[in-house]
Amino acid sequence: MNKVRTQLMLCGGTGCHAYKSDVFQEELQKELERQGLVDEIKIIETGCNGFCAVGPVMLVQPEGIFYQKLKVKDIPHLVEEHFLKGRTVKKLLYVEPASKETIPNMHEIPFFEHQVFWAMRNKGAIDPEVIDEYIARDGYFGAAKALQEMQPEQIIAEVKKSGLRGRGGAGFPTGLKWEFASKSPGDVKYVLCNADEGDPGAFMDRSILESDPHAILEGMLIAARAINARHGYIYARTEYPLAIRRLGIAIQQAREYGLLGIDILGSGFDFNIDIYQGAGAFVCGEETALMRSIEGKRGMPRPRPPFPALKGLWEKPTILNNVETLSNIAQIIRKGGDWYASVGTESSKGTKVFALSGDVNNIGLVEVPMGTTLRTMIYDIGGGVPNKKKFKAVQLGGPSGGCVPEQHLDIPIDYEEIAKVGAIMGSGGAIVMDENTCMVDMARFFMDFVQDESCGKCTPCREGTRRLLQLLEKICEGRGVPEDIETMQELSGTIKEAALCGLGQTGPNPVLSTLRYFKDEYEAHVLEKRCPAKRCVALLKFEVQPEMCTKCGMCFRACPVEAITWKKKEVAVIDKEKCIKCMTCFEKCKFNAID
Amino acid sequence: MVPDIRPEHSDISDEMWPKIDDIITANCDIPGSIIGVLRECQDVVGWLPVELIDYISDGLNLPRSEVFGVASFYSLFSMTPKGRHQIKACMGTACYVKGIKEVISRIGNEYQLKEGCTTEDRRFTLDAVRCLGACGLAPVVVVDQDTYGDVKADKVIEVLEKYE
């Protein structure tokens, strides 16, 4: 192997890809060839770097210089300045929005500075399609230790000691789950990985699969050894083609290296993994539904008990772990459960990955130690709310979760603390909402989702969520009556108690949490027929307020159907006959002058 | 076992049938393979006509009701024809907060197209899909294999006009 002096870790995650990182890579390679640098400088396409907001991004190693928002036209200058003359290109570096300071080194950028990379330790650091690079970062050392030096009971004890809890949403202790399955009688057992990441607003599993697929295989191998399983499946979303491709490559390479298959590392232990592609059903994230789906049936949940640890896939003892959970396993075995438990709060140990998105400056993946406050995550790492808008709430846990308003932003990230304020940790979606978000409309959005994804097996979920949605639609359209709010509260309680699986039991949460903190918005919709955030079309008048209008003409230029008349120094007027209520003028008006 | 008689269907050409037969033959002894078979057959034909679902059921020796049940349960499978270009508008939370609703209504107005439907000339099919996991780019629209990030309502038509 040639010794290269510089490695360019170019992000090939979905975010950067959409910003044409592939074209950039091709052109950069050509330029390096032209300058005769290909023997010294190597481009490595990595998985998602996490800082999607400023893509495409590239890390220059070993210096640690971080380039962002790369464009093809910058290539000749970049190659000449940095790679020939050794000078960093200032205009491609990150600029801190508040202080206007240029920060060349990745680890000094506030977005990265407050993070701790455990579950995502290899993101952007290795080529995910080369097993040697994973091994070079201590990959498969945990598996080797588990297979050669440890008994199954010791593995389980170590995972229990770490305090690791399921990162898919429910937060069940991982070690305990393994212990149940290991004690279940039977020769045939299964290890499953839940990569059916379905919560809207969560993309950490996709990112881990794309950037570090071997970590998942290693975690599954250790789990298999702990419960004595011979076969595993990764149930992956079909919407993630890149993740599926990289997993396939990883499995193939692991087989070639004897890290999957027969007699792994001479231990006499056999284990194999297959990928199973889902077909687009949110409810398949529920464990019993996922198992039915692998069996080729409609993915509908069944009542528990019996729990999958006793009767799971094909009626055999089965454990199902989430991607992020599994990515922690190898390190716990390698470094010990005490090491993992040294970070976090009393009941929540280690780190948690959040997908920070919505109305926040630094959109991307964020991994923080448990116990960090939500405020640190949103303001110090996320850089706060853009366009000088006011923060309204952060939605945690997707359709099963809830909104956390301003007054609770100082709670630590911890399963129990988050539950106390009416949200859940969930899989880690964190969607920031500014003052322009209508909370009634948000509740309607989530209820629409739950109602659509309800499998229809149990009545409380199938019928109850539909009635809730109808009530919310009624309120958003200005036909709500005061009793509707009470009815929703009562109905939500019934659904929570009576639904069969987690989807229904948590489905009313978005309604309950918005009612808890934003009841005034519901009341404005019902009593005054007014949408304070100006998002519910039926409650808007589509009129320009003359006293607010600055006569700038932005709305006039933006209107797609020429329904707005405006002249310099005159207030704009909307022709309601022509108006198609597309909301473009609302978005464009910076002065909140349209009602 | 591949059935003896192939049904007639205008969207399934003579070149497609051997591919469908290969998929069935490769999977007929594997338990739980039905979802994979339906996916691969849909990749060949573009959608799943009822005649094809019946043919697959016979080939895999499964009750037609069961195969139809699976095909209708999962959102990946379509039992209506698709347009030449498929527009997928992401309905994830981040995209919703960033205004995908307005994007969809703009597409609808421009091409007289409703969610889940295809234009009369079969140029576009518009689907509102589940979170694509590209929340960093919200609002996101995917046309065929191309992902477009930060597509606000006033930009989307410009993007779509590239697809004939």
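A cavity here is a set of points, on a 1 Å grid over the protein atoms alone, where a 1.4 Å probe fits but cannot get out; grid points are joined across faces, edges and corners, and a volume is the space filled by probe spheres set on the points. The model is predicted, so local features need pLDDT of at least 70 and side-chain atom pairs count only at pLDDT 80 or more, while totals for chains, interfaces and linings use all residues. Residues are numbered from 1 along each chain as its sequence is written, chains are lettered from A in the order in which they are written, and side-chain values use heavy atoms, with hydrogens and water left out.

**Stop 1: the cavity**

The structure holds seven cavities of 30 Å³ or more, and the largest has a volume of about 100 Å³. Select Cys549(A), Cys552(A), Cys555(A), Cys589(A) and Ala593(A): of its 15 lining residues (those with an atom within 4 Å of a point), these are the closest to its centre. Colour the lining by class and you get 12 nonpolar, two polar and one charged. In that count Ala, Val, Leu, Ile, Met, Phe, Trp, Tyr, Cys and Pro are nonpolar, Asp, Glu, Lys and Arg are charged, and the others, Gly among them, are polar.

**Stop 2: where the chains meet**

Now show both chains. The contact (heavy atoms within 4.5 Å) takes 57 residues from chain A and 37 from chain B. Together they bury about 3800 Å², 56% of it on carbon and sulfur atoms; that is the accessible area (1.4 Å probe) the two parts lose on being put together, summed over both. Pick out Phe73(B), Thr93(B) and Arg130(B), which supply 18% of the area that chain B buries against chain A, more than any other three residues.

Three salt bridges cross this interface, a salt bridge being a side-chain nitrogen of Lys or Arg within 4 Å of a carboxyl oxygen of Asp or Glu. Zoom in on Asp154(B) and Lys588(A), a salt bridge with its closest N and O atoms 3.3 Å apart.

**Stop 3: Pro200(A)**

Go to the loop between β7 (190-195) and α9 (204-211) of chain A, where Pro200(A) sits. Helices (H or I, at least four residues) and strands (E, at least two) are DSSP runs, numbered from the N terminus. Pro200(A) is buried, at 1% relative accessible area; buried means under 20%, exposed over 50%, and partly exposed in between (1.4 Å probe, protein chains only). Leaving out residues up to four places away in sequence, Pro200(A) touches residues of both chains, including Phe446(A), Phe449(A), Gly92(B) and Thr93(B).

**Stop 4: salt bridges within the chains**

Over all chains the count comes to 47 salt bridges. Try Arg245(A) and Glu129(A), whose closest N and O atoms are 3.2 Å apart. Arg245(A) is in helix α11 (241-256) and Glu129(A) in the loop between α4 (110-113) and α5 (131-136), so the pair ties together parts that are 116 residues apart in sequence. Add Glu45(A) and Arg246(A) to the selection, and you have a linked network of salt bridges.

Over in chain B, Lys82(B) and Asp127(B) meet at 3.1 Å, N to O. Lys82(B) is partly exposed at 21%, whereas Asp127(B) is buried at 18%.

**Last stop: helix α22(A)**

Select residues 519-527 of chain A; Glu521(A), Tyr522(A), Ala524(A), His525(A) and Val526(A) are buried there. What do they pack against? Their partners in chain A are β13, α17, α18, α19 and α21. Just after the helix, Lys529(A) takes a positive phi of about 55°.

Methods: 1 Å grid on protein atoms, 1.4 Å probe; cavity = no way out; pocket = protein on both sides within 12 Å on 5 of 7 lines; lining within 4 Å.
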